[in-house]
Structures are given as C-alpha cells and as structure tokens.
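Please take a moment with the fold before reading on. We will walk through it together, from a pair of packed helices to the cores and then to a few single residues.

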Amino acid sequence: MAGIDEAGRGPWAGPVVAAAVILDPVNCPDGLADSKMLAETRREEIALLIRECAIVSVGVATVEEIDEINILQATFLAMARAEAGLPERPRVCIVDGSQKPKLSARTHMVVKGDAKSLSIAAASIIAKTVRDRMMRDLALEHPFYEWEKNKGYGAPAHQRGLKTYGVTPHHRRSFAPIHNILCAAGAR
C-alpha cells in the first residue's frame, strides 16, 4: 500500500510536488505526522529516516503544466507520476483529500489523511521537504521574493518583490494575483 500526498497547491510560484511512500510496517520511523504540524528542521530529519526505511517516489508538475491544465489536474498529474515512479507497484493507494486522481492502483481517498495515516503523513513530509528545497534553490536565482522563507505563498515579502521586480518564469500566471499583475502591466 502506498500513501500519496502533495505539497504546493496554494503558492503563487513554483511547481506542485507529490510523493508516494510505501512504509515497511516493521521498520517505521518515529515522529510521522502531518508535515504542516512539524518544524522545518524536524521535517528534514524525518524525511531522511523515511528515505532510509521506505520506498519513496516523487512526482512534479511544472508551473507551465499548472497554467495549462489548472492546479487540480496538475496535482493529479504529479500524484500519477509519483505512483508510476515507485519501483514496486502498490495494489492500493491511499490519497490525502476528497478528489480522486487517476492512478493505476485501486485508490481510496482519506480526508485529512496526513493526520490519520502514517503512509500519507510520510508522503506529506517527503513532498513538502522536496518542494521546500526546490523553492530555496529558486530563491538563489530570484532573491527578491524571499521564497526560501515563504515557499512561494503570497506573503508580504513576496508581494513586495512582485511590485518591485515583476513576475518571473516561476510564477503561476493562471493564479489570480499573478494574472492581475500581468494584465495591469499590459494595460500600461
């Protein structure tokens, strides 16, 4: 059985990342919990433990894909890529949320699954740590948006960066705040 979760549906910038994790029931790391409930350093520590004792795969949908097919479909695409990347095909996938992606395995949805299932919690930790690392790397290229801190969400520093430096190729143009900036710039 694989747990699947995503990170990055709401930010204004960066990809959406999903992870699929098959835990070893006799060698499960301590501290598994919803990634949002863990401090960043603790998430990183647990992510290393998960990778040592579980089967892990990550799927990514790009900003271009998000803008082309919408964030929900891009999330489903990232989840399908994560499942497809597992070296062992799961018979069942349990997925956080209420909307079902098209996966090859039988799929069960679990609302608030990252708080109810260790497999989904592990997937949430992997997805979040991978995406956070991606955003820290992008922040090195584009330091004026403070993505290393806000991870692409519409925080005040990110908004100031947009006002001063404009939209980057890593911004989701289909998201209303970015779309509005681009429309206002085109109107000038």
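The crossing of helices α1 and α5 is left-handed in this predicted model. Residues 40-53 form α1 and residues 118-141 form α5; their axes lie 9 Å apart and make an angle of about 115 degrees. On the α1 side, the contact is built from E40, R43, E44, I46, A47, I50 and R51. From α5 come A122, I125, I126, K128, T129, V130, D132, R133 and R136. Sorted by class, this contact has eight charged residues, seven nonpolar ones and one polar one.

Let us turn to the interior. In soluble globular proteins, nonpolar side chains tend to be buried together. Here, the largest nonpolar core has 30 residues, and I4, V16, M79, C93 and W147 are those with the most contacts inside it. Two or more residues are given to this core by each of β1, β2 (16-22), α3, β4 (92-96) and α5. Helix α3 supplies the largest share, seven residues. Apart from this core lies another, of 18 residues, which includes A19, V21, A122 and V130. Of these, A122 and V130 will be familiar from the α5 side of the contact with α1.

Helix α3, which spans residues 71-84, also holds T75. Is T75 buried or exposed? With a relative accessibility of 1%, T75 counts as buried. Beyond its neighbours within four places in sequence, T75 is in contact with E6, R9 and V16, and V16 is one of the residues with the most contacts inside the largest core.

W147 deserves a closer look too. Leaving out residues up to four places away in sequence, W147 touches A13, M135, L138, A139, H142, G152, H158, T168, H170 and H171. One of these partners, H142, sits in the loop between α5 and α6 (147-150). H142 is buried, at 18% relative accessible area. Apart from neighbours within four places in sequence, H142 is in contact with W147, T168 and H170.

Another partner of W147 is H158, and H158 brings us to helix α7 (residues 156-165), where A157, H158, G161 and L162 are buried. Why do these four share a side of α7? They cover an arc of only 140 degrees around the axis, so they are placed on the same side of the helix. The general rule behind such a pattern is that an α-helix has 3.6 residues a turn, so residues three or four places apart point the same way. The face of α7 turned away from the buried side carries P156, R160, K163 and T164, which are exposed. After α7 comes G166, with a positive phi near 85 degrees.

Positive phi values also turn up outside glycine. Most residues other than glycine have a negative phi. N70, however, has a positive phi near 90 degrees; N70 is found in the loop between α2 (63-69) and α3 and is partly exposed, at 39% relative accessibility. E146 has a positive phi as well, of about 55 degrees. E146 is found in the loop between α5 and α6 and is partly exposed, with a relative accessible area of 27%.

Finally, look at the start of the chain. M1 belongs to the segment before β1 (2-7) and counts as exposed, at 52% relative accessibility. Not counting residues up to four places away in sequence, M1 touches V21, I22, P90, V92, I94 and S119. The C-alpha atoms of M1 and Y145 are separated by 39 Å.

How values were computed: Residues numbered from 1 in each chain as written. Predicted model: local features only at pLDDT ≥ 70, side-chain atom pairs only at ≥ 80, totals over all residues. Heavy atoms only, no water. Axes fitted to C-alpha atoms, helices over the stretch in contact; angles between N-to-C directions. Left-handed = near helix turned anticlockwise from the far one by under 90°. Contact = heavy atoms within 4.5 Å. Nonpolar A, V, L, I, M, F, W, Y, C, P; charged D, E, K, R; others polar. Buried < 20%, exposed > 50% of the residue type's maximum accessible area, 1.4 Å probe, protein only. Arc of directions from axis to C-beta. Core = buried A, V, L, I, M, F, W, Y, C linked by side-chain atoms within 4.5 Å.
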